[in-house]
Amino acid sequence: MASGFVVSSQARVTSNFAVASISRVLSTKCRNSLISSQLCSSRAPSNRFFCECSHLQDPVDLIKYKEVFSRRMAMAGLKPHHRIALGVSGGPDSMALCILTADWKTNGLNTAGESRGFIDGLLAIIVDHGLRAESKDEANIVRHRVSDMGIRCEIAQCDWLDGKPKQGHLQEAAREMRYQIFQNVCIQHQIGVLLVAHHADDQAELFILRLSRDSGVLGLAGMAFASQLFSTYTNYFDEASDNYSILLVRPLLEFSKEDLYKICEGGNQEWVEDPTNQNPSFARNRIRLSLRNLPSCTFKYELQAVISACRKTRAYVDQICSNLINEAVSVMAQGYAVIDLEILHPSKIEDICLSKFIALVLQFISQRHRPVRGSTSKLLLDYIRTFPCKTSLTAAGCYLCAAPRSKGTKLLVCCSVNSPLPSKMELFYRHCYETHKHYIPSEVEQIIVDGKANSDNLVPDASDVQFLDVASSESILVEAKRRNILSESTYSNILSLQEDETKHFKSKTKTISDHDLKMHGVHTVSTSLSLPLQPGQICYFMNRFLVSWNLSNKISGDKSPVEEASCNRDLAGKSLHHFCRHCMVGHDMVAEVRHMVDADWLYLAKLSKHQNLENHEKERVILASAMEQISEKTILCSDFARLSAERALHSLKSIPVAARRSLPVLINSHGLLLSIPSICFRHCPYLMVSAVFKPRVPLGGGHSSFL
C-alpha cells in the first residue's frame, strides 16, 4: 500500500479531458465541476480516511467508458476468457480498472446474472509495502472492497531483505518491489497477463518529467500500451523456448484522471486518496501539481496530441528495428552477435532508427537495459556508419570490432567483462526450481501474436511520422508548433514547466555513490570475480549463461545433457578416486564460475602439447573407445584432459578472440581450470558441465506496443 491516505476537505476541481476516443465519446467541451468527498472513518485507521463516491444530480453513464475499455482490451489481443491479474492499490485509478474489468469479464463470459462467487479467471493483487504500521489494515480494507465486486483478491507483503528503502530511493524501490511481486504472484497462479491503471494524466506527467531530463522522442512517447515483463525465473528445462514473461497491459491510457473518478462514481465505488501525492519532494508530484494549475482544455488536448505524435514515431521506429534485427543480426551460442553491415546498409537508415537498433543489440548482449544516451549514442552511431569497419570500440557494456576475415563487412558485438554489468548471479537447485516451475499458458503466446498483429496494422508510414528527423526535446516542441500541433500559449506553458523541473532536477543532482550503484543492481566487475557453485546447483551467470556441473559414475560424451541436480556423490557406492586417480576433482569439491581469461587458453595450449607423440594416435583410439567399453581404471584423467584440451583448442579457433573473454569458466577453489563448457573442455571424464547462452531478456526486448 502507499505511504498514507487522507481525504482533502476541499472540493476537487475536475477537468474532463481525454485523448482521442474519450474526448469524442463524452464531450468536445472542457468542463469544470466540484465533486464533494464524504468521509468514511468507521472502517479506517485513525490516521487515514477513505473516500466514498458522491452522488451527483446527473448520474454517470458508464456505457461509453465500457465500450472504449472493451476496444482497448481487444487491441491488446485479450478476450474475457483469458486469465488476468490486476494491480490494485485502492485509489480511484485501480478501482476504476476493477469496475471496468469485472464488467468486461462478466458480460463476456455471459455470467452477468450470477450473483454468487468470484469472477472466473480474475485476480486482484494488493501489495503491502510494509512501510507503515497501518499498511496491513489498509490492505485488508481494500481487499474487502475489491472482493465485494466479485474479484478474487490476494495481499502480498514486501520483504525488504536489505532494510526499508531510504527516502531518496523510496518510490523507485517500492515500484521495483511491487512489479517483482506482481510477477511472482502471476507465476504462482499461472496467470500470464497483468493490467495496471496508468492513464492519460500519468503520461502527461511523464512527458514533462522526461522533457526536463532532455529525453528524445522515443522517451517522450511515454509508457507502452502493452509490453513484456521477463521473469527472474528462467525456463531452464527447455533451452529452445523463450524466457517466461508476463504481458503488462495498460488499458486506461486513453482515460483521464477525471474519467476514472467518474467511473468510480458511476459504479458507486469507494476509493482512497494518497496524501504522499501532494508531497513536492517527488518530481512527479511537483509536475502533477503544476499541471493542475493549467486547467485549460486546449492545453491538455494539445499536450496529449504531442504525446500521440511521439508514440506514432516510436511505433514506426520499433517496427523498423525489429525488421533490421531479423535481417541483419545473427546470435551465436557462445554469447556474441554478428551484424552484417552489407545487409544493414547503415547509410540508408534514419539516425533515430539506427541508434535504437544498435542500442537494442548492445542491451541484449550485455543484458544491461539502461538506455544508451547522449555522447555514447552518438559515438555508436558514427561508428556503425563507418563502412567498412576498421576499428574497435567499447561502449554500453560491449566490445565492438570487425569480424575476422570479413574485411570489415561484418561487426562483432561481444560482452565487455570489465564494464558495469548486472550484479545478480543467482544460484538454485533443480529440485528447488521445480517448486517455482511456472506453467506457461499457451494462450499468452496467442495473445501476444494477436496484439502484435493489431499494432503492426496501425504502424504509420514514414510520411505520417512527424518527429522522425528531430533530435532534441527542444526541437520536438519547435516542430510540434510548426506543424500546428501546439499553439503558442501551450508551447510557452510546456517550456515553463520544463524549465521549472529542470532547475529542480539540477539543484538536486549529485554524484552517484557506490551505494547508489549497488541499489540499482549495477557494479563494475573484473575477470577476477568468481561465484561458488555446488554440484547440482544451477548458476545464472551475469544474466547471460545458465551454468551447472555434476559428477557422474560413468563416462559420457562432452555433449551430454545436464545430469540430475541431486548428484549421487558416492558414485554408486564407490569413491570418486576409485574411478578418477590423479585428478584435481574431489568428492567434496566446490567449483567457482568466472569469465575466461587469456591464461586459460594458454593453459589449454600447454596442456595439449604434453602429448607423447609416439602414443598420440593410440590415445585417440583409447579415448574414443572409452565411451563404450573401456573400464574406468584404464584411462587416467590426465590423459583425458590432454586430448580434451586439444579438441577445445580446435573449437576455440572458430570463436573470435573478443568473444572468448565473456565465456563462463569452471575452476576449483585453488583457481585451477576444470572446464570451459562452451568449447567442450573438461579436466575429468566424470565431470559433467553445461553452459547455455540464455539471456534473461531476449533480443529486441520482447513485444511492446505504443498504440
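Cys389 is buried, with a relative accessible area of 7%; buried means under 20% relative accessible area, exposed over 50% and partly exposed in between, with a 1.4 Å probe and protein chains only. This is a predicted model, in which local features need pLDDT of at least 70 and side-chain atom pairs count only at pLDDT 80 or more, while totals for chains, interfaces and linings use all residues. Residues are numbered from 1 along each chain as its sequence is written, and side-chain values use heavy atoms, with hydrogens and water left out.

A search of the whole structure finds zero disulfides, a disulfide being a pair of cysteine sulfur atoms within 2.5 Å. Cys389 is in no disulfide, and the nearest cysteine sulfur, that of Cys401, is 7.2 Å away. Cys153 is likewise in no disulfide; for Cys153 the nearest cysteine sulfur belongs to Cys98, at 7.8 Å. Cys153 has 15% relative accessibility and therefore counts as buried.

Over the whole protein chain, 55% of the 707 residues count as buried. The chain has 23 helices and 28 strands; these are DSSP runs numbered from the N terminus, helices being H or I with at least four residues and strands E with at least two. Among contacts between residues at least 6 apart in sequence, 75% join residues at least 24 apart, where contact means heavy atoms within 4.5 Å. The accessible surface comes to about 32400 Å², and carbon and sulfur atoms account for 50% of it; areas come from the Shrake-Rupley method with a 1.4 Å probe, and for residues only the protein chains shown count as cover.

The interior can be taken next. A nonpolar core is a set of buried Ala, Val, Leu, Ile, Met, Phe, Trp, Tyr and Cys residues joined through side-chain atoms within 4.5 Å. The largest such core has 119 residues, and those with the most contacts inside it are Phe207, Ile339, Leu344, Phe357 and Phe467. Its largest share, 13 residues, comes from helix α10 (residues 297-328). Apart from this core lies another, of 47 residues, among them Phe69, Ala102, Cys153 and Ile263.

Ile339 leads to strand β13 (residues 337-340), which is covered on both faces: Ala337 and Ile339 on one side, and Val338 and Asp340 on the other, are all buried. Leaving aside neighbours within four places in sequence, the contacts of Ile339 include Ala328, Leu344, Phe357 and Val413. Strand β12 (residues 329-331) pairs with β13 in the antiparallel sense over three bridges; two strands pair if DSSP finds at least two bridges between them. Val331 has Ala337 of β13 as its bridge partner. Five residues lie between the strands of this hairpin, in which Gly335 takes a positive phi near 95 degrees. β13 also pairs with strand β16 (residues 410-415), antiparallel and over four bridges, and here Ala337 stands opposite Val413.

Ile263, named in the core of 47 residues, is one of the buried residues of helix α8. Eight of the 10 residues of α8 (residues 257-266) are buried, so this helix is largely enclosed by the rest of the structure. The buried set includes charged-type names such as Glu258, Asp259, Lys262 and Glu265. Just after α8, Asn268 takes a positive phi of about 55 degrees. Asp259 is 59 residues from Ala200 in sequence and 9.9 Å from it in space, C-alpha to C-alpha. Ala200 lies in helix α6 (residues 200-212) and is buried, with a relative accessible area of 0%.
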